[in-house]
Every structure is written in structure tokens, then in C-alpha cells.
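Here is a short briefing for a reader who is new to this structure. Look at the sequence and the model first, then take the points below topic by topic.

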Amino acid sequence: MKKCDVLYMVIPCYNEEEVLLETTKRLKEKLNGLIKKKIISAKSKVMYVNDGSKDKTWELIKQIHNNDSMFTGISLSRNRGHQNALVAGLLTAKDYADVVISMDADLQDDINAVDGMLEKYYDGCDIVYGVRSARKTDTFFKRVTAEGFYKFMQMMGVDVVYNHADYRLTSKKVLNNFQDYKEVNLFLRGIFPLIGYKSDKVYYERAERFAGESKYPLKKMLNFAWDGITSFSVKPLRLICGLGFIILFISIIIMIYSLIRKISGNTIDGWTFLNISIWFIGGLQMISLGIIGEYVGKMYNETKARPRFIVAENLEEINKK
């Protein structure tokens, strides 16, 4: 069984100055423990990714790095969103590490699950998903909507791991293949199952956020879910087509009924029925055009092939100079 591989922990950060020192303390304890047990190499590090923070997050990351070489970081040229920041960290870290674990900075993910991830990695898994065993810390609304999100994604044909966010282990081999996925509309929870390789799960309980505010309010979560569906499934387009056939069938029945009434001389004004029909069909057409427009817009963004992120500073490279 291979051991002592270089591990990099990739932590996206956006306005996380309130929690960063505590996160650093806990991660240092965890990595030192793993190094002492000779599970990971002494060259292992934590890489913070500053996603265009407006507070002192980047200054704090540089200060932490100067005080302890176990911590490094990169800073994006501007805010690019959680998924892009995570990709930036993963693709940067893969050049220095044998294995990478990504997690959020808010200390809600159980750091102790890292041990189980590494154990499965050394047993031959190239991807290990951190999966929530329960949602005790969530409100009733958050629990219902979150679980509904995963079920709806699966219903739409998107291959996602139930109750898994972005707490995962990936080997260097996986990240080298992941680099070939060039799409701009990112939904990492759907991409990694597509890559393949042997995978497994580690279950953990998610804690309360240590400090600061959630970076994913309801509006962002809904947009994230919609991006995931339209980036990985064409089922909404097929539903539109199916709905079109159903309406066509209903309209034929109405046409036959109207002709029979006309021939028999039982004509009616029909203003209410006609008015409702026009509004219903009109609304349906607008919704359908909106869904189609969403797909066209995504194709527009993809064809421009603009970079998903720009790394403005890389503390790892600065050290080499």
C-alpha cells in the first residue's frame, strides 16, 4: 500500500477573514497529525484560493503563508464565483500534489473525514466523495429544498452523488483528465462522476458555520441548481416537445368538438374559453422560449471560450523566485 503522497487541501475563500485563522489552526493540526503518522508527505500543504474578496482575506492569507510554509495561496484577478475558484485551486494544486482534497473555509465540513478519504485513496480509489449522513443542523426549509434539489437533478438525468457538495478527494490522475473539460458553465458535482475511475464515499455530519455568513443564499442556490440542470441535461427541452404534442392533441379534440357544435347549430359565444386559451398558450410559449433561450445563452458563453479564471498571484511561484 502506497503512503506518504503529497496532499494539497484546496480551500476557496470569499470574504472569509472572520473564520480563516480558526480554519488555519484546525487544518494545521490535522495535517501535522497525518504527517506524524506518515500517511502524507511532509511537503503537503493547504492552498487558499482568494476569489476576489472585498475584505482582508488575501492579506490574511499572505500573512499566514509568511508565518508558516505549510500554507500557500493564489488570488484570482476578480470574483469569479465558488465553482471557478475551486477549479482554479484544483488545476493549480495538481502541479504540486499527488492528491487533492477540496473543502469550504467555513469549517462546516468535518475535517476528520480526511482520514477516511485518504484510507480509501490508498486502497485504490481515485475519487472519494464526502457525503452528509444527516442534515440535523439545517432548518426544515433548507433540508427539504436541498434534498429535493438532488432528487430533482437525478430525475432530470444528471448523475450526482446524493447529499454531496464539493468536499471530495481527487487524485492527480483524475485532475489531469478533468483539465480536458473546458466548459464555462461549471457544475463540478456533475462533472466528476462523468470522469469515471474507481470512487467511494465517506459519510460525515456537517457542523454549524463557525463564523461569518453563508455565501449561498436561496437565490444563489436556485441559480446554481438551474445551471446544473441546463448544463448537464436536455430533458427540459424534451419536456417542452412532449408538452407541445399534448397541447396539439387537445387542440384537435377542441377543433372537432367546435365543428360538431357548428354543424348542429349549437353555437356559443365562447369568449371566456377563447380568452383563457390565448393566455394559457401565450404563457406556455414564453416559458418555452425562455428555456430554449437559456440553452442558447449557454452555447453563446461556451463558444466565446473566455478563460474561467485568471490567477493574479501565486504564492507558490513567488517562493521559487
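## Strand 4 and its partners

Val99 and Ile101 point one way from strand 4 (residues 99–102), while Val100 and Ser102 point the other way. All of these residues are buried. The model is predicted. The points below start with the neighbours of strand 4, then move to the sheet, the helices, the cores and one loop residue.

**Neighbours of strand 4**

- Strand 1 pairs with strand 4 in the parallel sense, over 4 bridges.
- Leu7 has Val99 of strand 4 as its bridge partner.
- Strand 6 (residues 164–171) pairs with strand 4 in the antiparallel sense, also over 4 bridges.
- Val100 has Thr170 of strand 6 as its bridge partner.

**The sheet as a whole**

- The sheet is open and is formed by 8 strands, in the order 7-5-6-4-1-2-3-8. Its pairing is mixed.
- Strand 7 (199–204) and strand 8 (311–314) stand at the edges. Each has a single partner strand, so one side of each is left without a neighbour in the sheet.
- From one strand to the next, the twist averages 20 degrees.
- At the strand 8 edge, strand 3 and strand 8 pair in the antiparallel sense over 3 bridges. There, Leu76 stands opposite Val311 of strand 8.

**Helices on the sheet**

- Helix 1 packs on the sheet and touches strand 1, strand 2 and strand 3. The direction of helix 1 makes about 155 degrees with that of strand 2.
- Helix 3 (residues 82–93) also packs on the sheet. It touches strand 1, strand 2, strand 3, strand 4, strand 6 and strand 8. The direction of helix 3 makes about 155 degrees with that of strand 1.

**Helix 1 in detail**

- Helix 1 covers residues 20–36, which is 17 residues. At 1.5 Å a residue it should span 24 Å. The C-alpha atoms at its ends are 24 Å apart, which agrees.
- Its buried residues are Leu20, Glu22, Thr23, Thr24, Leu27, Lys30, Leu31, Leu34 and Ile35.
- These buried residues pack against strand 1 (7–13), strand 2 (45–50) and strand 3 (71–76). They also pack against helix 2 (57–67) and helix 4 (113–122).
- Lys38 follows helix 1, and its phi is positive, near 60 degrees.

**The nonpolar cores**

- The largest nonpolar core has 39 residues. Those with the most contacts inside it are Met9, Ile11, Leu27, Ile40, Tyr48 and Leu118.
- Strand 1, strand 2, strand 4, strand 6 and strand 7 each give two or more residues to this core. So do helix 1, helix 2 and helix 4.
- Helix 4 gives the most, with 6 residues.
- Leu27 is in contact with Met9, Ile11, Val46, Tyr48, Phe71, Met103 and Ile111, leaving aside neighbours within four places in sequence.
- Another core, of 29 residues, lies apart from the largest one. Among its residues are Ile74, Leu86, Ala93 and Ile127.

**Ile310, a loop residue**

- Ile310 is found in the loop between helix 10 (271–304) and strand 8.
- Ile310 has a relative accessible area of 48%, so it is partly exposed.
- Ile310 touches Ser75, Leu76 and Ser77, not counting residues up to four places away in sequence.
- Ile310 and Arg78 are 232 residues apart in sequence. In space they are 8.0 Å apart, C-alpha to C-alpha.

Definitions and conventions
Residues numbered from 1 in each chain as written. Predicted model: local features only at pLDDT ≥ 70, side-chain atom pairs only at ≥ 80, totals over all residues. Heavy atoms only, no water. Expected span 1.5 Å × (residues − 1). Buried < 20%, exposed > 50% of the residue type's maximum accessible area, 1.4 Å probe, protein only. Contact = heavy atoms within 4.5 Å. Pairing = 2+ DSSP bridges. Axes fitted to C-alpha atoms, helices over the stretch in contact; angles between N-to-C directions. Core = buried A, V, L, I, M, F, W, Y, C linked by side-chain atoms within 4.5 Å.
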